[in-house]
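This report describes the fold and the ligand surroundings of a single structure. The sequence and the model are shown first.

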Amino acid sequence: MIEINNIHQTFILGKKQNETHLHVLNDVSLSIKEGEIVAITGKSGSGKSTLLNIIGGFMKPTSGTVHIGNTNVTTFSEGEFADYRLQNIGFIFQNFQLIPSMTAFENIELPLVLKGLNEKERKHITEQTLQKVGLLDYKSHYPSELSGGQQQRISIARTLVMEPPIILADEPTGSLDSETEADILYLIKELNQELGITFLIITHDEEVARVATKQIHIHDGRIVKEETIQ
Ligand SMILES: Nc1ncnc2c1ncn2[C@@H]1O[C@H](COP(=O)(O)OP(=O)(O)OP(=O)(O)O)[C@@H](O)[C@H]1O
């Protein structure tokens with residue numbers, strides 16, 4: 001489903017004549033099958049977010065390709081990638097990125113407004129999704145009136161309404177306590193099994209890596225370990 005071939009990423013730092021080259025990803029190749037939960041681990045600065053940013057189209061690699069299905073997404077312009085992302089890739093962030101002035105319902109509904117669905121369709125999908133993440137009773141709450149775990153559920157619901165086949169998650173449980181983390185991991189596993197969503201999760205955390213069907217370990221911009229879990 002996702003084929004990453006020989007990705008190199010080099011950042012040029014400093015002024016001309018005096019520049020240094022920072023090689024952040026070195027020849028990274030990786031194959032992700034539909035329905036996998038892939039955990040990418042590695043210490044701070046090892047290149048995990050850079051890899052996720054390349055797959056999500058927020059950054060162009062210095063060289064190498066990313067194919068999603070049969071599409072070579074590395075050839076996309078920024079605008080083409082934005083359209084492609086909307087239809088194909090969901091995102092979950094460590095800090096939830098909910099809009100504070102909107103209720104849980106309105107946050108989840110927002111992508112459907114942008115998609116142009118009418119009010120009745122939006123209400124139906126939003127309430128169904130609130131139900132799926134177990135928060136229908138909290139639909140009128142603002143993010144500040146929700147716990148961290150509840151906010152992460154709302155942010156997952158906001159992604160789910162677009163029915164993405166792939167979700168990229170950057171430390172999705174990084175700001176949660178261990179009990180709430182376990183709940184969110186259970187939800188991720190459920191969505192993976194029930195809806196077949198492929199997850200790519202960056203994490204520092206061994207617990208997160210435990211729900212994965214594949215673990216990738218990056219060290220200094222190289223994949224040093226790849227393990228498929230049965
Ligand atoms: N746009 C950029 N310009 C220059 N250097 C960058 C840029 N983005 C990232 N880097 C550098 O690339 C290296 C890898 O960063 P990256 O964010 O991918 O690491 P990470 O493994 O995700 O770390 P963390 O776990 O702390 O988030 C770091 O040394 C970082 O400073």
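The text below covers the annotated domain, the two sheets, the helices packed on one of them, one loop residue and the ligand shell.

**Overall**

The model is predicted, not determined by experiment. The UniProt record, an unreviewed entry, places the feature "domain: ABC transporter" at residues 2–229. Over residues 2–229 the chain is 36% helix and 29% strand. The C-alpha atoms at the two ends of that stretch are 18 Å apart.

**The six-stranded sheet**

One open sheet is built from six strands in the order S6-S7-S8-S3-S9-S10, with mixed pairing. Strand S6 (89–93) and strand S10 (222–228) stand at the edges; each has a single partner strand, so one side of each is left without a neighbour in the sheet. From one strand to the next the twist averages 15°. At the S6 edge, S6 pairs with strand S7 (residues 166–170) in the parallel sense, over five bridges. Within this pair, Phe-91 stands opposite Leu-168 in S7.

Two helices can be described against this sheet. H1 packs on the sheet and touches strand S3 (37–41), S7, strand S8 (198–202) and strand S9 (214–219). The direction of H1 makes about 145° with that of S8. Helix H5 (residues 148–160) also packs on the sheet, where H5 touches S6 and S7. The direction of H5 makes about 170° with that of S6.

**The four-stranded sheet**

A further open sheet has four strands in the order S2-S1-S4-S5, and its pairing is antiparallel. Its edge strands are S2 and strand S5 (71–72), each of which pairs on one side only. S1 and S2 form a hairpin with six residues between them. In the turn of this hairpin, Gly-14 has a positive phi of about 85°.

The table lists two pairings of strand S1 with a residue pair for each.

| Strands | Bridges | Sense | Opposed residues |
|---|---|---|---|
| S1 and S2 | nine bridges | antiparallel | Gln-9 and Leu-25 |
| S1 (residues 2–13) and S4 (residues 63–68) | five bridges | antiparallel | Ile-2 and Ile-68 |

As background, strands of a sheet pair through backbone hydrogen bonds, either parallel or antiparallel.

**Leu-176**

Leu-176 is found in the loop between S7 and helix H6 (178–195). Is Leu-176 buried or exposed? Leu-176 is buried, because 20 other C-beta atoms lie within 10 Å, and a residue counts as buried at 20 or more. Not counting residues up to four places away in sequence, Leu-176 touches Gly-148, Gly-149, Gln-152, Glu-181 and Ile-184. Leu-176 and Gln-94 are 82 residues apart in sequence, while their C-alpha atoms are 8.9 Å apart in space.

**The ligand shell**

Which residues surround the ligand? The ligand is surrounded by Phe-11, Leu-22, Val-24, Gly-42, Ser-44, Gly-45, Ser-46, Gly-47, Lys-48, Ser-49 and Thr-50. Strand S2 (20–32) and helix H1 (48–55) are the elements that give two or more residues to this shell. H1 supplies the largest share, three residues. By class, the shell has three nonpolar, seven polar and one charged residues.

Two of the elements described above therefore recur at the ligand: S2, an edge strand of the four-stranded sheet, and H1, which packs on the six-stranded sheet, each give two or more residues to the shell.

Note on methods. Residues numbered from 1 in each chain as written. Predicted model: local features only at pLDDT ≥ 70, side-chain atom pairs only at ≥ 80, totals over all residues. Near = placed C-beta within 6 Å. Nonpolar A, V, L, I, M, F, W, Y, C, P; charged D, E, K, R; others polar. Pairing = 2+ DSSP bridges. Axes fitted to C-alpha atoms, helices over the stretch in contact; angles between N-to-C directions. Contact = placed C-beta atoms within 7 Å. Buried ≥ 20, exposed ≤ 12 C-beta atoms within 10 Å, placed from the backbone. UniProt positions renumbered as here; feature names shortened; annotations may be inferred.
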